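Thank you all for making the time this morning. I would like to walk you through one structure, beginning with a pair of helices and then widening the view.

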Amino acid sequence: MTVKMNELFLSEPVIDIQNISHSFKGHRALQGVSFQVQPKSLHGFVGPNGAGKTTTLKIICTLLRPQAGKVEVFGNDVNSSVKEIRKRIGFMPDHFSTYRQMTVYEYLDFFGAAYGLSLEQRDQVINDVLTLTDMDGRKDSLISGLSRGMQQRVSLARVLVNDPDLLLLDEPASGLDPRARIELMEILQELKRMGKTIFISSHILSELAELCDSVTIIDRGKVKYSGTMDGLLTHEQEHPCYKLTLDSEVEGLVESLASEPGVMNVEKTGKPRELRISFDATLTTTGNLLSKIIELQGSIESFQRDKKHLNQAFLDLTEQGVR
Amino acid sequence: MKMRKFQVSLPLLAKELAEMANRRRTYIIRTIYALLFLGFVGFIYLESISGLQNNPMAILGRGRQIFESMVYLQFTAIYLFLPAITCSVITQEKERNSLGLLLITRLSPSTIILEKYLGRLITMITFLMLGLPILAFAYSLGGVSLAMFINALWLLLITMLQVAALGVLCSSFCRTTVSAFIATYVVGFFMLFGLGILYGLNLFYFGDLLRSISRSLQGAPYLANYFNRGGEELCFIMFGPYWFDRFSMRGGAASVFSVFVFSIPIMITTFMFLIFAHYFLVRRAFLPARNYLLNLFKSLDRVFSKINNNRVTRGIVLVKEQIQLPEFAPIAWRETSKKSLGTFRYLFRILVTLEVPILFICVLIATGSPRPVVDGAVILLWLVWGLTVLLLAVSATSLISGERSHETLDVLLTTPISGKELLRQKIAGVKRLCLVLLIPLLTIVLFETWWKWEYSYIASGYRNEYALQWFAYLVGSLITLSIYLPMLIWLFCWIGMKVKSQTKAILTALGLIIVWCILPFILAFPIFMLNPSFDEDSIIYGLFLSPASFVVINEIAEFHEFGTPWIPLLVNTIIYGGCLLLFRSQCLNHIDENLGRLSDQDIHFSRDTKIPVSDQPIFSSE
């Protein structure tokens, strides 16, 4: 099920973080962090090393008490409703936290029992999550004998055993090969379609850009941006910017377009036959621009809105320096 | 062409020393050591001059007592601390995955071993150097011959080389620091005292064998004067303090020469240890993670299966083990069916492996010992106690620290299982292990009780009346067992929760229990030295601050100072019953905090709570 963004931000947030701060031995890990995660959304949580991502995740999943501020998960305060929150979340840390001497089935059954499921319920649920994660054929394999990708799937299956409404995933794709990464992302998309809220902390920005509805960027304990992914990729762009790709080079095109009324800038992107055009929307339109290009004998291969890449947005928002 | 000056480059040694210098604990430990050491010497000095108020000059010529005490203290320091200092020398590199990087440099394996060895020796030498001015002071007081001085320094040096070499060997052989730590102390103990124990018990006629060897050595021209203690010399051939004791009374070049001759075995073992350390360095550099305990059990399985498959039993299976999935308590299920030290099958193996030899040795000892206190059984009980402490330390400290080290704890903590329930289930496997270890302990205790009971009929007028009080012995032993075992479990659990890494937790637990056992004795020593007229009765109960005291006193039936066995038992029960309750409450009352998660209880914090913050920019990871 695809969730429309305008609907998304009208409902009560699953995670509501208000002005939290946390320090470790004098180091301010978090300083007045606030953001919200909407239900049934896939929310990316991005930041450089040492930004405070893991601390925030630990606070959300009831492992750490915020020293100031308020955190609510499903409307429950993390300080007072620990049990209620734990029943409804599934946490996957940034490392393979599996018992290596167990089989896949035993491991999932172990956590099923830890969440208080009966033997019959567990059997049903385990078979379902194994199917979802495409691990049916490996349920009797020892975890120690599985590849990293497989182990990560087992971790994901474990997160799903108690059918949580909120998945908290810390760097789920780290250390995986490209195929395993793609497969993991497909599973996450499937989970999103199933209506789960997914809060995912990751460094792999390109994948987040494709997956996430919303994103929070954090740096040195402060939130730099929190909102929709589209908003991040287009914000700070005063004038619409488009990318034009031609079938063949047209002599004098750049100069002709630049002299058009309302056109702010025309430049080559560096790729063959590709131009970036920004214009004042109050003075001209895309229709006018396209007419002009055709008039100049330009054969158009593609013409699309130029979004800022997540990498660039990330670099613009975060500060340089080794942490 | 410009010639380069010859340079001695010891990069690994430089790195070791730089690392040591950068650690704050180096200076703290050194200061504590110096204070303790100088404190002892001060007490001994005060004791020496206490009877000489009228003539302070009479102290001259009495440096011998201070000197000897100092030398024995230095020996003790070497045997106690040096294994701990050296056992991590190679394993640390293995655990950091940096040994491979060292091996691909131009450093040869022998250079690595020697530089590492030297690095740790320098650490120990810095400790021993603290005593040099005092040794000189004692020497200046007179009463210490030059030969004695040279012998002491020589024996201290070669003992240090030997113990450090053993530590390096164990470190080169083992994969983890914990296994190297245990191996160094165990091998070291048996190297120093193994022959002595066998000799004392005369097991398998070993004492007779040594005596006959000693007699034959008496025929040799030079050795005749030295092998006159019926084989005792051969038992302690590796033990430096023994030779210092033997030759400290003698003076002259002959004494120095004798010490040198009798230290040859120590030097040979040192050399052998280093050769083997070199041999194992590359061969065992990249060991896969292995569960040695599991492997041991598997090999035991094979032995038992082989024994079981005979014409009579035909592979009979008395108890069929079935691994079923957990019904309600998954953590307890994992502890008792997925861990070597919790599984019924393996626990049964431990029981049989311990119980059969114990029964055999009990019978053997009983037939050869006509006294109510059976030395062999006493030593056996202490050995089983040692093994029990070791196994409990490893298993109980690993309960939480193991999960933390394997990074599986966070996931467990986000489940709705409460902290107390989590610990209750976690401890299930250790409880099983404890019960299994209780059986051999009880076997020896019951054997000794029976022996005392039998003996009380045939020798009512025995000189040590307490040795015949079998009922007091039995009650004392049972109460001690019932308090100590759970107390140790809770203590080790608590350490496991407090210390972040599994290795550190195990080493801390073992170190703490050793210090706890010996510290009251060490502290009692200066008190008596400071004031010899001190009323001993008033502080003798202070010895029960060591958990080992009552076990020792009860076994050797030395209750003369107390007049009755019951009051010491009561005092001991109160002290350790209190400790048991304290450790238990420490574990359970702060369980969530110790585990690292929010408590189930409702605790509200004001939104306006201010946190202490620094203005420094953040350069640390979260």
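Let me start in chain B, where α22(B) passes α26(B) in a left-handed crossing. Please keep in mind throughout that what you are looking at is a predicted model. The first of these helices covers residues 470-498 of chain B and the second covers residues 566-589, and they pack at an angle of about 25 degrees with their axes 9 Å apart. Because the angle is under 35 degrees, α22(B) counts as roughly parallel to α26(B). If you want to find the contact on your screens, look on the α22(B) side for residues including G476(B), I483(B), P486(B), W490(B) and W494(B), and on the α26(B) side for residues including W566(B), Y576(B), G577(B), F583(B) and R584(B). Sorted by class, the residues of this contact come to 18 nonpolar, 4 polar and 1 charged.

Now to another helix pair in the same chain, α6(B), residues 109-129, and α8(B), residues 146-173, whose axes come within 10 Å and cross at roughly 135 degrees. An angle of that kind falls outside the parallel, antiparallel and perpendicular ranges, and α6(B) is therefore described as oblique to α8(B). The handedness here is right-handed. From α6(B) the contact takes I113(B), K116(B), Y117(B), R120(B), L121(B), M124(B) and L128(B), while α8(B) contributes L156(B), M160(B), A164(B), A165(B) and V168(B). By class, that contact holds 10 nonpolar residues, no polar ones and 2 charged ones.

One further helix in chain B deserves a moment, namely α16(B), which runs over residues 330-337 and is mostly covered, with 7 of its 8 residues buried. The buried residues are P330(B), I331(B), A332(B), W333(B), R334(B), E335(B) and T336(B), and you will notice that R334(B) and E335(B) are on that list.

Stepping back to chain B as a whole, its secondary structure comes to 27 helices and 0 strands. Of its 622 residues, 38% count as buried, and among contacts with a separation of 6 or more, 78% are between residues 24 or more positions apart.

Let me turn to chain A, whose secondary structure comes to 12 helices and 14 strands. This chain has 323 residues, of which 41% count as buried, and its C-alpha trace spans about 75 × 45 × 40 Å along the principal axes. Residues 24 or more positions apart make up 70% of the contacts in chain A that have a separation of 6 or more. The domain assignment gives domain 1 as 5-234 and domain 2 as 241-307, and the C-alpha centres of these two domains lie 43 Å apart.

Within chain A, helix α2(A), residues 53-60, is mostly covered, with 8 of its 8 residues buried. Those residues include two lysines, K53(A) and K58(A), alongside T54(A), T55(A), T56(A), L57(A), I59(A) and I60(A).

Just after that helix comes T62(A), which takes a positive phi of about 65 degrees. Most residues other than glycine have a negative phi. T62(A) sits in the loop between α2 and β4 of chain A. Is T62(A) buried or exposed? T62(A) counts as buried because it has 27 C-beta neighbours inside 10 Å, where 20 or more are needed.

A second positive phi is found at N19(A), where the value is near 55 degrees. N19(A) lies in strand β1 of chain A, residues 15-24, and it is partly exposed, since 16 other C-beta atoms lie within 10 Å.

Finally, I would draw your attention to T216(A), which is found in strand β9 of chain A, residues 214-219. T216(A) counts as buried, because 27 C-beta neighbours lie inside 10 Å. Which residues does T216(A) touch, not counting residues up to four places away in sequence? They are F35(A), H43(A), F45(A), V223(A), Y225(A) and S226(A). By way of another distance, the C-alpha atoms of T216(A) and K192(A), which are 24 residues apart along the chain, are separated by 18 Å.

That is where I will stop, and I am glad to go back to any of these places on the screen.

Key: Residues are numbered from 1 along each chain as its sequence is written. Chains are lettered from A and ligands numbered from 1 in the order in which they are written. This is a predicted model: local features need pLDDT of at least 70, side-chain atom pairs count only at pLDDT 80 or more; totals for chains, interfaces and linings use all residues. A residue is buried if 20 or more other C-beta atoms lie within 10 Å of its own, exposed if 12 or fewer, and partly exposed in between; C-beta atoms are placed from the backbone. Helices (H or I, at least four residues) and strands (E, at least two) are DSSP runs, numbered from the N terminus. Two residues are in contact if their C-beta atoms, placed from the backbone, lie within 7 Å. Axes are lines fitted to C-alpha atoms, for helices over the stretch in contact, and angles run from 0 to 180 degrees between N-to-C directions. Angles under 35 degrees count as roughly parallel, over 145 as roughly antiparallel, 65 to 115 as roughly perpendicular and the rest as oblique. A crossing is left-handed if the near helix is turned anticlockwise from the far one by less than a right angle, and right-handed if clockwise. Ala, Val, Leu, Ile, Met, Phe, Trp, Tyr, Cys and Pro count as nonpolar, Asp, Glu, Lys and Arg as charged, and the others, Gly among them, as polar. Domain bounds come from an automatic or database domain assignment.
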